[in-house]
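Please look over the sequence and the three-dimensional structure shown here before reading on. The paragraphs below are meant to be read with both in view.

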Amino acid sequence: MRIFPENASSYGADVDFIFWLITGVITVASIIVIFLILYPILTKNKSRTKEQRYQQGKGFQKLKLIYLGIAILAIADFYFLFEEGPIWRNIEETLPEKEVHVIVMGRQWLWEFTYPGPDGKLYTADDVKTINKLYLPVNKNIHMDLQAYDVIHSVFIPHARFKQDVLPGRNITKWVKMTKTGTYPLTCAEICGIGHANMKAEIVVLLNEDYKKQMAKLYKK
Amino acid sequence: MKITRNKWQNFIKNNLTMNTHKKHGFWHRYFFSLDHKDIGFQYMLTIFVMVSIGGFFAYVFRMHLAYPEMEVPLFGLVTNKDYNMLITNHGLIMMMWLALGMLLAVAGNYLIPIMIGTDDMAFPKLNKLSYWFFLISVILMISSFFMKRGGFGGGWTMYPPLSVGDFGYNTAYTSFKDRFFTANTFVLLAITFEFIALLMGGINFFVTTLNKRAKGMTLTKMPMIVWMINIASVLFMFSVGPLIAGAFMLLLDINAGTGFYDVYRGGDPLLWEHLFWFFGHPEVYVILLPPLGIIAEIISTNSRKPLYGYKFILNLTLIAAILSMMVWAHHQFVSGIDPRAATIFSIFTIIISLPFAGIILAYIATLWNGDLKINLPMKWAIGAITLFTLIGGFTGLYLGASVFDIYAHDTSFVVAHFHYTLFPTVIFGSFAAFYYWFGKFSGRELNKFWGNVHFWLTFIFFNGFAFPLFLLGLAGQHRRIADYRQFEFLMQDPLPLYRQIATISAVILILSQFIFIFNFFWSLKRGKKVTSDNPWESNTLEWQTASPPPHGNFAVYPEVHHGPYEYNHPDREDDFLPQNKK
């Protein structure tokens with residue numbers, strides 16, 4: 001049994017790594033917290049003096065332990081931020097060199113994909129379109145212009161650990177690099193009306209030469 | 001002649017207020033009473049109605065998710081439209097009416113005047129008016145289900161353009177009547193009325209707390225719950241403005257044909273997301289703080305020990321309240337905001353875990369060395385902090401770390417996370433309060449055996465319901481989908497089994513709340529009379545008067561000499577020291 005869907009993108013493993021990192025730290029933290037809660041309950045704290053219970057003066061030292069707890073959590077927190085910062089910048093803030101360029105447009109309730117025509121450029125008259133099926137080549141940097149037509153949708157590719165909301169009137173360019181061939185689902189993760197549940201598309205990741213053949217087929221149509 | 005505060009208050013009480021001490025009839029008590037306890041009770045009954053509706057919706061859509069081809073008993077076949085409407089209204093009702101209403105309005109009304117030792121709110125009529133606005137909001141909300149175009153199904157976050165109509169700005173409305181009598185309009189109006197009610201309540205709590213405290217009760221001698229409700233009310237006031245403005249613009253977009261969120265006319269849907277979450281994130285702390293106050297009261301009393309670090313907790317709460325206004329965009333990491341901004345919000349989100357860690361550790365430190373009395377309220381309180389910290393709080397780290405949020409955003413992982421933060425605080429916290437203060441408020445006792453059955457069923461089946469959602473979310477199950485059968489990767493073993501476990505647990509969880517409802521109403525009429533006015537041997541002022549408290553709360557106005565948590569004082573023989581005892 002696997003927890004995540006099979007990873008099929010270049011940065012998917014980094015996202016999973018952050019999950020396992022946080023899981024490791026909070027497992028240790030949870031064991032400590034469970035001990036801290038259960039110990040006084042199970043032992044019932046019998047035979048303490050009133051001074052110990054009232055804990056003013058000397059007994060009040062424990063507050064420093066709370067600062068220690070906060071400090072440990074702060075260190076762990078900033079370690080997470082330190083680890084995830086470069087990954088976030090890689091996925092969201094940078095665009096590697098463009099090798100393939102497609103438009104992904106969400107509308108009620110289907111996905112429309114546009115590829116450059118024979119001239120190799122998008123946003124020209126010879127662009128070709130597919131509905132609910134996106135062809136991508138494997139191991140290429142793919143730039144996706146993410147758009148929506150009517151309401152907010154969200155492009156979610158679980159196997160690539162990719163998600164981006166798409167808003168009407170806004171063009172958001174993100175990138176993905178698929179590392180395995182095969183067919184993967186692309187779903188809508190933001191509620192968009194009655195057909196929200198039916199808004200699913202397939203991503204077909206092909207070898208480079210198959211991708212070129214497929215494009216040629218599309219041009220003929 | 002020197003007029004002491006007590007004499008002055010007695011003079012007001014006897015001569016100037018509208019409240020007379022005669023017993024009122026049913027009509028007067030439930031509709032026109034100005035007594036804060038009666039108004040609290042009215043709020044409580046109204047919220048019971050709303051929770052029943054929200055719980056019923058949860059039952060229907062959970063059944064549909066696990067058994068999509070089945071006709072759900074008591075409802076019938078669930079269409080996609082029904083499904084969207086059910087989840088949306090479940091969210092709205094539970095967030096806006098149950099959580100905010102129960103923890104601000106009910107807890108504030110019952111507890112603040114009596115715990116600070118006064119007869120009533122500073123403005124009893126404003127208090128009454130706030131309940132009337134609340135009632136109007138409930139009526140508007142319920143009537144929104146019966147509109148011609150069906151209930152509102154745009155998600156409880158109401159992102160436009162979908163919240164303008166089923167097809168965004170392309171929705172074909174024929175006339176103003178057609179636009180106005182839609183669920184969208186009615187839900188927005190309902191929320192507006194409710195917020196007016198809560199603002200009136202909040203200002204009342206604040207003025208009452210500042211002006212009507214018993215003699216000798218300095219600010220740091222107030223019980224923690226009074227502080228928490230006041231901080232929550234003020235935080236609510238600070239954060240609600242943008243949402244009201246946003247909701248008004250949305251109302252105009254629907255009804256007057258404006259385009260504040262229509263990008264083709266110069267608006268922007270992202271604007272709503274900012275306005276909504278600028279309120280929406282502080283709101284979760286508005287909801288969280290009162291239960292933390294309730295838990296503080298219960299843990300300190302039942303540990304027979306002073307609350308650990310009173311001022312420390314207070315300072316951390318104030319820090320958290322300020323920080324809570326700087327984290328809203330962590331709901332929007334992948335919404336199309338500048339990814340560089342996400343880093344800043346990620347840092348603040350992670351930082352806000354620190355004050356809450358401090359508060360929870362202070363509560364745990366209160367347990368240590370305490371003479372623990374593990375009774376029913378204590379079970380709920382410990383259950384609440386355990387689940388809230390271990391699962392609700394810690395899973396927040398996954399989502400606060402923006403990288404993993406790319407994957408987990410809008411999946412069941414988020415659903416599981418916020419159920420683990422809200423359920424232990426709102427539901428467990430409310431039940432802790434019910435089992436703790438029921439004797440005071442009714443003069444009778446809740447049945448302990450059924451109380452224990454209720455606790456364990458709720459505790460076990462809440463986990464049975466919410467935990468599988470984490471696993472489903474990690475497997476990539478996205479939210480708000482009526483039917484998962486068409487997604488092959490979500491139908492692989494054991495995911496359908498997880499969905500069924502979650503559903504069966506949710507149904508048992510909902511059914512076990514009937515135990516409480518029966519226990520509550522049966523005990524209200526027939527329960528065993530309380531033998532003591534102070535059954536938990538607590539220090540705070542509400543326990544130093546009769547059960548139930550008379551009209552005006554105190555026969556003689558108390559004078560406060562001690563802090564609220566002086567248990568096991570070394571110089572005293574008893575292990576408790578009521579605040580008004582010299």
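What follows is a walk through this structure, from the contact between its chains to the details of its backbone.

The model is a predicted one, and a reader new to it may begin where chain A and chain B meet. The contact draws 69 residues from chain A and 76 residues from chain B. On the side of chain A that touches chain B, the elements giving two or more residues are the helices α1 (12-43), α2 (50-54) and α3 (62-93), together with the strands β6 (153-157), β7 (162-166) and β9 (182-188). Of these, α3(A) gives the most, with 17 residues. Sorted by class, this side of chain A has 39 nonpolar, 13 polar and 17 charged residues.

From the contact one can turn to the largest nonpolar core, which holds 244 residues, and in which Leu98(B), Ala99(B), Ile295(B), Ala381(B) and Ala432(B) touch the most other members. Helix α4 of chain B, residues 80-115, gives the most to this core, with 24 residues. Domain 1 (12-93) and domain 2 (100-220) of chain A both give residues to the core as well, and therefore it lies between them. In soluble globular proteins, nonpolar side chains tend to be buried together. To see the surroundings of one core member, take Leu98(B): leaving aside neighbours within four places in sequence, Leu98(B) is in contact with Ile47(B), Met50(B), Val51(B), Gly54(B), Ile93(B) and Val426(B).

The two domains of chain A are those given by its domain assignment, domain 1 covering 12-93 and domain 2 covering 100-220. Taken over C-alpha atoms, the centres of domain 1 and domain 2 of chain A are separated by 42 Å. Within the residue range of domain 2, the strands can be followed by their pairing: β6(A) pairs with β9(A) in the antiparallel sense over two bridges, and Val155(A) has Cys188(A) in β9(A) as its bridge partner. In turn, β9(A) pairs with strand β10 (residues 200-206) of chain A, again in the antiparallel sense, over six bridges, and here Pro185(A) has Glu202(A) in β10(A) as its bridge partner.

In chain B, helix α11 (residues 339-367) allows a check of length: its 29 residues, at 1.5 Å a residue, should span 42 Å, and because its end C-alpha atoms are 43 Å apart, the two values agree. Just after α11(B), Asn369(B) takes a positive phi of about 70 degrees.

That last value leads on to the backbone. Most residues other than glycine have a negative phi, and most peptide bonds are trans. Asn132(A), although not a glycine, has a positive phi near 60 degrees; it lies in the loop between β3 (128-131) and β4 (133-137) of chain A, and, with 13 other C-beta atoms within 10 Å, Asn132(A) is partly exposed. Leu74(B), likewise a residue other than glycine, has a positive phi near 75 degrees and is found in the loop between α3 (36-66) and α4 of chain B; Leu74(B) counts as exposed, since it has 9 C-beta neighbours inside 10 Å.

Two peptide bonds of chain B deserve a look as well. The bond from Pro160(B) to Pro161(B) is cis, with omega near 5 degrees, and Pro161(B) sits in the loop between α5 (124-143) and α6 (176-180) of chain B. The bond from Asp493(B) to Pro494(B) is also cis, with omega near -5 degrees, and Pro494(B) lies in the loop between α15 (448-474) and α16 (495-526) of chain B.

Key: Residues are numbered from 1 along each chain as its sequence is written. Chains are lettered from A and ligands numbered from 1 in the order in which they are written. This is a predicted model: local features need pLDDT of at least 70, side-chain atom pairs count only at pLDDT 80 or more; totals for chains, interfaces and linings use all residues. Two residues are in contact if their C-beta atoms, placed from the backbone, lie within 7 Å. Helices (H or I, at least four residues) and strands (E, at least two) are DSSP runs, numbered from the N terminus. Ala, Val, Leu, Ile, Met, Phe, Trp, Tyr, Cys and Pro count as nonpolar, Asp, Glu, Lys and Arg as charged, and the others, Gly among them, as polar. A nonpolar core is a set of buried Ala, Val, Leu, Ile, Met, Phe, Trp, Tyr and Cys residues joined through C-beta atoms within 7 Å. A residue is buried if 20 or more other C-beta atoms lie within 10 Å of its own, exposed if 12 or fewer, and partly exposed in between; C-beta atoms are placed from the backbone. Domain bounds come from an automatic or database domain assignment. The expected span of a helix is 1.5 Å times one less than its number of residues. Two strands pair if DSSP finds at least two bridges between them.
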